[in-house]
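Biologist: I'm new to this one, so could you walk me through how the labels were earned?
Modeller: Sure, have a look and then fire away.

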Amino acid sequence: MTLPTPDIEAQPRPGSRAARMLQPLAKDALRQLAEQHQVCVRPVVLRRTDTVTGRTDVVEVPCGATLAAKCKPCAERGRRLRIQQIREGWHLADEPAVRPDKPGEDVLSLVRLRAHLEFERHALAYEPMDPDARAAQVADIDAAIVEVDEALAESNLRGRLTPTERDKRPRRRRSTRRRQDSPDLPRLPVDPRTVGRAYTGRQGKTYRPSMLLTLTLDSHGPVHSHFRRGGYVVPCECGQRHQPHDPLLSTPVDSDSYDYRRAALDSIHFARVLDRWWQNLRRAAGWNVQYAGAVELQRRLAPHAHFAIRGTLPRKLLKQIAAATYHQVWWPRFDQPVYRVDTPPLWDTDRQAYVDPKTREPLPTWAEALDELEEPGTPPAYVARLGRIDARGIDQGTKDAERSIRYVTKYVTKDLTDQARPRSDPQKAHFDRLHAELSVLPCSPTCANWLLYGVQPDKAKPGLTPGRCTGKVHQRATLGFTGRRVLVSRQWSGKTLADHRADNRAWVRAILAGNLADTDDQADTDNGQPDGQADNPDRYRFELARPDDPDVPPLQHRILRAVSERIRWRTTLTNARQRATGAVSATTRPLTLAA
C-alpha cells in the first residue's frame with residue numbers, strides 16, 4: 001500500500017498556529033506605513049511653555065537619527081539633505097564666502113578692558129610682594145576676567161577671545177621638517193578663492209568641471225578579490241577566479257603574513273591622515289580647495305573616503321600629494337606588550353599610581369614617557385600613510401554628477417560595518433582577528449591599554465582595565481575609525497544643514513502661499529504669534545515629557561496621527577504646486593526637498 005506524499009508547500013490549516021504565525025504583525029504594518037510616508041517612528045515628546053501667556057503644550061519633534069537601523073525616515077531625510085548640500089556646492093560659479101561685520105564700539109571696549117586685565121595679571125608676577133598677597137590680587141583679577149568673558153559671550157562676537165583654561169604645562173614642540181623618505185611638495189601661497197577654473201569650448205560654451213576623488217589606504221597584504229575586465233574574470237593572487245559571492249572574497253590570501261597590526265593602526269589614524277591630506281593639497285594647489293564627502297569601509301575592512309572636489313587639479317599632482325602625505329604618531333613606543341591582559345599592572349592607593357604586579361615599582365607616567373621622546377633622533381611611534389587614489393572629472397548638470405552624488409552618500413544612513421559585514425566563516429575570522437588586534441592597541445593618551453606597554457595613561461585613575469577600553473576605536477561597530485563619517489568643508493556651499501532646512505521650509509511656505517514672496521509675516525500669523533515675539537528665543541521653554549505622563553498619548557496613537565497629518569500635508573502641497581506651476585521657477589525650487 002502506497003501512502004500519499006504530503007504536500008510540503010500546501011497552505012497550513014485555517015485557524016492553526018502555523019496559519020496565525022503567517023499573519024502580518026500590527027506593529028510592522030504601522031512601522032511600514034510610517035516609513036512609507038516618511039514619518040519618524042520614535043518622535044521625541046517635549047513640553048513647551050509659553051512664558052508670555054503661560055500656556056503649556058505637548059509637541060513632538062523628529063528624533064533626527066542618522067542611521068536607518070534606528071529611524072529610517074529621519075536617516076533618509078538626512079541623506080537627502082546631504083545630497084542637496086553636495087549638489088548646491090559642487091559647481092559653484094561665485095564665491096560662497098561671507099565677510100563678517102566689523103565689531104562695534106561696545107565690543108571693542110570690552111576687549112580693551114580684557115587686555116588691561118591681562119596686562120595687570122601678568123605684571124603682578126614681577127612686583128615684589130608677599131606670595132599670599134600676590135595670590136589674592138590674582139584671584140581678584142581672575143574674577144574680573146570671568147565677568148568680562150561672560151559679557152563678551154553675551155555680545156555678538158563669534159568665537160572665543162582666549163582659551164577657556166590657562167595651561168601652565170610647557171608646550172611640547174615637534175619639528176615640522178619633512179621626512180626624508182617622503183617626496184617634497186610644492187609650497188605655494190594659498191589664494192583665498194574657492195571656485196575652480198572655468199574653460200571655454202569651441203562654440204563659446206563655458207565649462208566648470210569638478211572632480212570625484214577616492215582615497216584608499218595602502219595594502220596590508222594580498223586578499224582574495226573578484227575583478228572583471230569586460231567579460232573576463234581576472235585571476236586572484238591565489239591563482240583562482242572567484243565568483244561575486246565567493247566566501248573567500250576580501251579575506252587574506254595568507255593570514256599569517258597579513259599585517260593586522262598596521263591595518264588596525266591605519267584605521268585608528270585614518271582621520272588624521274585625511275586632515276593632513278587636505279592641508280597638503282591646499283598648499284600644493286595654491287588655492288582654498290573645497291570638498292564634501294563621506295567615509296566608508298571596504299570589504300577588506302579598511303576605511304576609505306569618497307570626496308566631491310570643487311574645481312579640477314592635475315592627476316599627477318594628486319598622486320604626488322598622496323605619496324607625500326603621512327601622519328606621525330608621537331606616542332611612547334608600543335611595539336611589544338610588557339604585560340598580559342590577564343596580569344596587568346595594579347593600582348596602588350598610597351602612591352596613586354599603577355605599579356608592577358611583582359616588583360611593586362610604579363610605572364612611568366605619561367609625562368615621563370613623553371620626555372624620552374625629546375631626545376634628538378627619536379623616531380615616532382608610528383607613521384600612517386595614504387595608499388592609492390582614484391580621481392576623475394565630473395561635468396555640471398550631467399547624469400554622471402547625479403550618479404556620483406548618490407555614490408558618495410549611499411552608505412551614510414548605515415553603520416560603518418554594515419556594508420562590509422562578514423557573511424562566511426573566513427570573513428568572520430578576518431573580522432575577529434582585526435577586532436582582537438584593535439582591542440589591545442592604544443587609541444588615545446588616556447586609553448587603558450597603555451598599561452600593557454608599561455606606561456601609565458594620561459590622567460590615570462583607578463579602575464582602568466587593559467583590553468576593555470570603552471573608546472569607540474575598540475567597538476565592533478566602528479572597527480578602528482572614530483572620526484566623522486560625513487566631511488564637508490566650511491565654505492562648500494556657504495550654508496549649514498540648518499540653512500538648507502530653512503530654505504526647504506521657505507520654499508514649501510511659498511508654494512502654499514501661491515507665490516515666491518517673503519512669507520515670514522504670514523508664517524507668524526499662521527502660528528498665532530504677535531509681531532515682534534516670534535523671533536524672541538526666550539519666549540518658550542522646553543523640557544522633556546515622560547511617556548507615562550497623563551497628557552502624553554501612546555506612541556502608536558501619535559504615529560497614526562502623524563501619518564494622517566503627513567498625508568494631508570502632501571495632498572495640500574501637491575494641489576498648491578499644480579496651481580502655482582506657472583509662477584514657480586525651477587531654479588528657485590530646491591532640487592531635493594528634505595524639510
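Biologist: Which residue in S14 is the bridge partner of Gly293?
Modeller: That's Leu487. A caveat early on: this is a predicted model, where local features need pLDDT of at least 70 and side-chain atom pairs count only at pLDDT 80 or more, while totals for chains, interfaces and linings use all residues. Also, residues are numbered from 1 along each chain as its sequence is written, and side-chain values use heavy atoms, leaving out hydrogens and water.

Biologist: What makes strand S8 and S14 a pair?
Modeller: Two strands pair if DSSP finds at least two bridges between them. S8 (residues 291-297) and S14 have three bridges, in the antiparallel sense, so they pass. Strands and helices themselves are DSSP runs, numbered from the N terminus: E over at least two residues for a strand, H or I over at least four for a helix.

Biologist: Why is S14 called an edge strand?
Modeller: The open sheet has six strands in the order S10-S13-S5-S9-S8-S14, with antiparallel pairing. S14 and strand S10 (326-329) each pair on one side only. Neighbouring strands here are turned by 20° against each other on average, direction ignored.

Biologist: How do you know that helix H6 packs on that sheet?
Modeller: By contact, which means heavy atoms within 4.5 Å. Helix H6 (residues 260-268) touches strand S5 (210-217), strand S9 (303-309) and strand S13 (382-394), and its direction makes about 65° with that of S13. Helix H10 (residues 399-408) lies across S5, S8, S9 and S13, at about 155° to S13. For such angles, axes are lines fitted to C-alpha atoms (for helices, over the stretch in contact), and the angle runs from 0 to 180 degrees between N-to-C directions.

Biologist: Why are H4 and H5 called roughly antiparallel?
Modeller: Helix H4 (residues 105-123) and helix H5 (residues 131-154) pack at about 160°, with axes 10 Å apart. That angle makes H4 roughly antiparallel to H5, because the label needs an angle over 145 degrees (under 35 is roughly parallel, 65 to 115 roughly perpendicular, the rest oblique).

Biologist: What kinds of residue meet in the contact of H4 with H5?
Modeller: Twelve are nonpolar, none polar and six charged. In H4 they include Leu110 and Arg114, and in H5 Ile141 and Asp149 are among them. The sorting goes by residue type: Ala, Val, Leu, Ile, Met, Phe, Trp, Tyr, Cys and Pro are nonpolar, Asp, Glu, Lys and Arg charged, and the others, Gly among them, polar.

Biologist: What makes Glu88 and Lys495 a salt bridge?
Modeller: The definition asks for a side-chain nitrogen of Lys or Arg within 4 Å of a carboxyl oxygen of Asp or Glu. Their side chains meet at 3.8 Å, N to O, so the pair qualifies. Glu88 is in helix H3 (residues 72-90) and Lys495 in the loop between strand S14 (486-488) and helix H12 (497-513), so parts 407 residues apart in sequence are tied together. The whole structure has 30 salt bridges.

Biologist: How many bridges join strand S1 to S2?
Modeller: Six, and the strands run antiparallel, with S1 covering residues 44-50. Val44 has Val61 as its bridge partner, and Thr49 stands opposite Thr56. Their hairpin has five residues between the strands, and Gly54 takes a positive phi near 80°. S1 also pairs with S15, antiparallel, over five bridges, with Arg48 partnered by Phe542. Together they form an open sheet in the order S2-S1-S15.
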